[in-house]
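Here is a set of exercises to work through with the model open next to you. Try each task before you read its solution.

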Amino acid sequence: MFVTEIKKFIQQNNYPEFQLKAVFFDMDGVLLDSMENHSQAWVKTMNGLDIPFTIEEAYLNEGRVGHDTINSAYMRTFGRTATLEEQEQIYETKTLHLEALGEILTMPYATELIEKVKQQNLTIFLVTGSGQPSLLNSLDDYFPDVFVKERMITAYDVKQGKPSPEPYLKALEKSGLNPWEIVVIENAPLGVESSVAAGLFTIAINTGPIDTEVLASSGANLVLSGGMKELYKQWNDFYQACQAIK
Ligand code: CA
């Protein structure tokens, strides 16, 4: 079934072929089971400033860099963007709330999938809007020697976060690969938009409360409603479909 989607992708983008060489992973909600804590931390931070903010809104903002989330809430509430000082303070408060919520574990099946991808000799990149040091550092504990600086794009590397294509274009540049040699694993609508705009084959996995339809309409090439578990189960079939296309 995956051959059809891959062929469609090649045709839509006018690419000469599809030859899988690398997998670009998003972090929150894909590798780390962190979205519930992120959402709660944002709600606590914003409500502490008398800014109305809901759990659902946090999920819909997922993938954005922190200052974009802060500015859109500020604009809506105060009719202006936050100053740089305010942005820094608010992000710091959010970080404190997040850390107080306790340790964040890996997404079920993330370790198994990474292992499989490593065995297939595919290059692994991280592309995240996150600037949370505790989470970025935890990657090396959970997935030793997989996510190294040379193969990571974080909030610190971009001017514009997702949904801009910048993070994925930067990762593409850093990888030295062609856009038809990559598959992206995303779980959030804005993340999918970013990667699709960068011209990359995007698999959206639904790991949160958002309707699967929302992921499909954000342009993903494949949508798996069963989250990481389903992706892990289907991965070999997808990999074989990629080999069959060559
Ligand atoms: Ca995510």
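**Exercise 1. Work out whether Lys162 is buried or exposed, and find what surrounds it.**

Step 1: start with accessibility. Lys162 has a relative accessible area of 1%, so it is buried; buried means under 20% relative accessible area, exposed over 50% and partly exposed in between, with a 1.4 Å probe and protein chains only.

Before you go on, two notes on the ground rules. This is a predicted model, in which local features need pLDDT of at least 70 and side-chain atom pairs count only at pLDDT 80 or more, while totals for chains, interfaces and linings use all residues. Residues are numbered from 1 along each chain as its sequence is written, and side-chain values use heavy atoms, with hydrogens and water left out.

Step 2: place the residue. Lys162 sits in the loop between β3 and α8 (166-175). Helices (H or I, at least four residues) and strands (E, at least two) are DSSP runs, numbered from the N terminus.

Step 3: list the neighbours. Contact means heavy atoms within 4.5 Å. Setting aside residues within four places in sequence, the contacts of Lys162 include Asp26, Gly63, Arg64, Val127, Glu186 and Ser194. Take Gly63: it is 99 residues away from Lys162 along the chain, yet their C-alpha atoms are separated by 5.7 Å.

Step 4: check the backbone. The peptide bond from Lys162 to Pro163 is cis, with omega near 15°. Pro163 is also in the loop between β3 and α8.

**Exercise 2. Find which residues of α6 are buried, and where they sit around the helix.**

Step 1: pick them out. Helix α6 covers residues 110-119, and Ala110, Leu113, Ile114, Lys116 and Val117 are buried.

Step 2: look down the axis. The buried residues of α6 fall within an arc of 160°, so they line one face of the helix. The arc is that of the directions from the helix axis to the C-beta atoms.

Step 3: recall the helix geometry. An α-helix has 3.6 residues a turn, so residues three or four places apart point the same way.

Step 4: see what lies on top. The cover over the buried residues of α6 includes β1 (22-25), β2 (123-127) and α11 (227-245).

Step 5: look past the end. Asn121 follows α6 and has a positive phi, near 60°.

**Exercise 3. Do the same for α7: which residues are buried, and which are exposed on the other side?**

Step 1: in α7 (residues 133-142), the buried residues are Leu135, Leu136, Ser138 and Leu139. Seen down the axis of α7, they fall within an arc of 155°, so they line one face of the helix.

Step 2: flip to the other side of α7, where Asn137 and Asp141 are exposed.

Step 3: name the partners. The buried residues of α7 pack against α2, α5, β2 and β3 (152-153).

Step 4: follow one contact from Leu135. Leu135 touches Ser34, a residue in the loop between β1 and α2. Ser34 is buried, with a relative accessible area of 0%.

**Exercise 4. Describe how α2 packs on α5.**

Step 1: get the geometry. α2 (residues 35-48) and α5 (residues 84-100) have axes 8 Å apart, at an angle of about 130°. Axes are lines fitted to C-alpha atoms, for helices over the stretch in contact, and angles run from 0 to 180 degrees between N-to-C directions.

Step 2: classify it. That angle makes α2 oblique to α5: under 35 degrees counts as roughly parallel, over 145 as roughly antiparallel, 65 to 115 as roughly perpendicular and the rest as oblique.

Step 3: find the residues. Among those meeting across the contact are His38, Ala41 and Trp42 in α2, and Ile90, Tyr91 and Leu98 in α5.

**Exercise 5. Find where Asn14 and Asp50 lie, and what their phi values are.**

Step 1: Asn14 lies in the loop between α1 (2-13) and β1. Its phi is near 55°, a positive value in a residue other than glycine. Asn14 counts as exposed, at 71% relative accessibility.

Step 2: Asp50 is in the loop between α2 and α3 (55-60). The phi of Asp50 is positive too, near 60°. With a relative accessible area of 67%, Asp50 is exposed.
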